[in-house]
Amino acid sequence: MSVDTPRRIVLLRHAKAEWTQESDHERPLADRGRRDAPAAGRWLAHSGITPDLTLCSTAARTRETWKLAVHEFPQRPKTVYEERLYEASLGELIALLNETSDDVDDLMLVAHNPGVHALADALSGEADGDLLPRMNRSGFPTAAVAVVTFTGSWKSVEHGVGRLVAYWTPQG
């Protein structure tokens, strides 16, 4: 793979979860979350985005979000359930991206706020139209999706390296 290889990072925040007596890690999706997760999957599929690899947090709400979203895809990408995505900081998320094999062109993370919002904002040195201010005003709600493109190796991912090319929320 060339260092000039175009790549995409797709960030999906888990859908709306229930507040239960269970541990935070085991919280299931709420009814709204079970409606919004497939909508996010449909948006991704209609956008032509099918990642080569998906890294999904091990939390129940992210696993359930991914299961409902990926059902809308024309084909299921390789999925790895990654414990380090749960409660990951911005630095930890960038470190995970840096570990990605250069055989992967399109990578999806299914994870949590504030990490996914911080990552989308930090990587987006540029943005199409009003996407960056719109994303930052929205606060990256549940089931939101951001798509950041960059050129180069995964080891070169750092602040400002990318361009925010898409941002979607279930609320419109």
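**Note on the predicted model: sheet, helices and one loop residue**

1. Three bridges link β5 to strand β7 (residues 162-168), and the two run parallel. Strands count as paired if DSSP finds at least two bridges between them. E126 stands opposite R163 in β7. Helices (H or I, at least four residues) and strands (E, at least two) are DSSP runs, numbered from the N terminus.

2. This is a predicted model: local features need pLDDT of at least 70, side-chain atom pairs count only at pLDDT 80 or more, and totals for chains, interfaces and linings use all residues. Residues are numbered from 1 along each chain as its sequence is written, and side-chain values use heavy atoms, without hydrogens or water.

3. The sheet is open and has seven strands, in the order β3-β2-β4-β1-β6-β7-β5, with mixed pairing. β3 and β5 (124-127) are its edge strands, each pairing on one side only. The twist averages 25° from one strand to the next.

4. Look next at helix α3 (residues 90-98). L93, I94, L96 and L97 are buried there (under 20% relative accessible area, 1.4 Å probe, protein chains only). They lie on the same side of α3, because they cover an arc of only 155° around the axis (taken from the directions from the helix axis to the C-beta atoms). The buried residues of α3 pack against β1 (6-13), β3 (78-82), β4 (106-111) and α4 (115-123), with contact meaning heavy atoms within 4.5 Å.

5. Q75 sits in the loop between α2 (60-70) and β3. Q75 is exposed (over 50%), with a relative accessible area of 55%. The C-alpha atoms of Q75 and P51 are separated by 9.7 Å, and these residues are 24 apart along the chain.

Methods:
Axes fitted to C-alpha atoms, helices over the stretch in contact; angles between N-to-C directions.
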